[in-house]
Amino acid sequence: MRIYIEENYETMSKKAALMVASQIILNPKSVLGLATGSTPVGMYHELVAMFKRGEVDFSEVITFNLDEYYGLPKEHESSYYRYMMDNFFSYVNVPEHHMHIPNGMGENVVKECLEYEEKIRIAGGIDLQILGIGSNGHIGFNEPADKLNVTTHLVRLTEKTINDNSRFFEREEDVPKEALSVGIATIMKAKKIVLLASGRNKAEAIREMTSGYVNTQVPASILQTHSEITLIVDKEAGALIE
Ligand code: F6R
């Protein structure tokens, strides 16, 4: 595992954007796995700035997002679809038919999940997967549990995640209790993975995911077994790395 401990959120975001841009410059047809949440916002804004300066071109890039709330229409202000539009897609030239986000409103969830996996497979798999990490160690919405789902699935969110994510909703009771998420193998099959973490509340999860042990109660810990994983953290999130 390559670990970069950055001075602050801004330098973490810049490094992550540089890694995404390098990937696209090396292979303009790259398939990117994308995350939402607070952590990658700075990275997306940096990529938008690079696009505006003509430094990176997304016209052949294909994207797959990690997850979406179940039962939340994509127009909802807290949907991950809206997040991606507002922070990234509306400002760059990823073709609309190249953007993929799980459909949280599909009538047949099982079919939805199978089709999502199939689309990733047909695209040739993920070249570069961007991840954040939950304070409970989740990646995507693969929550701590005795068993982890291998492929895209419907997941019941933990109280911790609902509480953490309530800041994106008016009231905690508005946070959906379920989500669609890619599985652990969907993530692990990515050729390269970059995980970003910022802030003191991620420090324990980062310590666990760099501990040398795999523990399904800290789903991110499995990333230690990936051969191309880069961790970019700010000083606070990296404070407990041993
Ligand atoms: C988001 C995702 C989640 C987040 C994680 C951290 O698509 O899959 O795993 O990366 O919950 O969220 P933030 O960055 O808001 O702390």
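Leaving aside neighbours within four places in sequence, P28 is in contact with D57 and E60, where contact asks for C-beta atoms, placed from the backbone, within 7 Å of each other. This is a predicted model, in which local features need pLDDT of at least 70, side-chain atom pairs count only at pLDDT 80 or more, and totals for chains, interfaces and linings use all residues. Residues are numbered from 1 along each chain as its sequence is written.

P28 sits in the loop between helix 1 and strand 2, and K29 is found in that loop too. Helices (H or I, at least four residues) and strands (E, at least two) are DSSP runs, numbered from the N terminus. P28 and I62 are 34 residues apart in sequence and 9.5 Å apart in space, C-alpha to C-alpha. For K29 and V61, the figures are 32 residues in sequence and 4.9 Å in space, again C-alpha to C-alpha.

How buried are the residues picked out here? A residue is buried if 20 or more other C-beta atoms lie within 10 Å of its own, exposed if 12 or fewer, and partly exposed in between.

| Residue | C-beta neighbours within 10 Å | Class |
|---|---|---|
| P28 | 13 C-beta atoms | partly exposed |
| K29 | 13 C-beta atoms | partly exposed |
| D67 | 23 C-beta atoms | buried |
| H138 | 27 C-beta atoms | buried |

D67 and H138 come with a record attached: UniProt (unreviewed entry) places the feature "active site" at D67, N136, H138 and E143. Such annotations may be inferred rather than shown by experiment; their positions follow the numbering used here and feature names are shortened. D67 lies in strand 4. Beyond four places in sequence, the contacts of D67 are Y80, P102, G140, F141, A179, L180, S181 and V182. H138 is found in the loop between strand 6 (128-131) and strand 7 (153-156). With the same sequence cut-off of four places, H138 touches E143, P144, T161 and P219.

Y80 leads on to helix 3 (residues 80-87), where Y80, Y81, Y83 and M84 are buried. They cover an arc of only 165° around the axis, so they sit on the same side of helix 3; the arc is that of the directions from the helix axis to the C-beta atoms. Those buried residues pack against strand 3 (62-65) and strand 4 (67-69).

Now for the core. The largest nonpolar core has 63 residues, and A16, V20, I133, V194, L195 and L196 touch the most other members. Such a core is a set of buried Ala, Val, Leu, Ile, Met, Phe, Trp, Tyr and Cys residues joined through C-beta atoms within 7 Å. Helix 1 (residues 9-26) gives the most to this core, with six residues. Outside four places in sequence, V20 is in contact with L32, L47, L128 and I130.

Then there's the ligand, surrounded by 14 residues, the closest being T36, G37, S38, T39 and G132. Being near it means having a C-beta atom, placed from the backbone, within 6 Å of it. By class, that shell has five nonpolar, eight polar and one charged residues. Ala, Val, Leu, Ile, Met, Phe, Trp, Tyr, Cys and Pro count as nonpolar, Asp, Glu, Lys and Arg as charged, and the others, Gly among them, as polar.

Finally, the domain record: UniProt (unreviewed entry) annotates residues 19-228 as "Glucosamine/galactosamine-6-phosphate isomerase". The end C-alpha atoms of that span lie 13 Å apart, and the span is 29% helix and 15% strand.

Key
Two residues are in contact if their C-beta atoms, placed from the backbone, lie within 7 Å.
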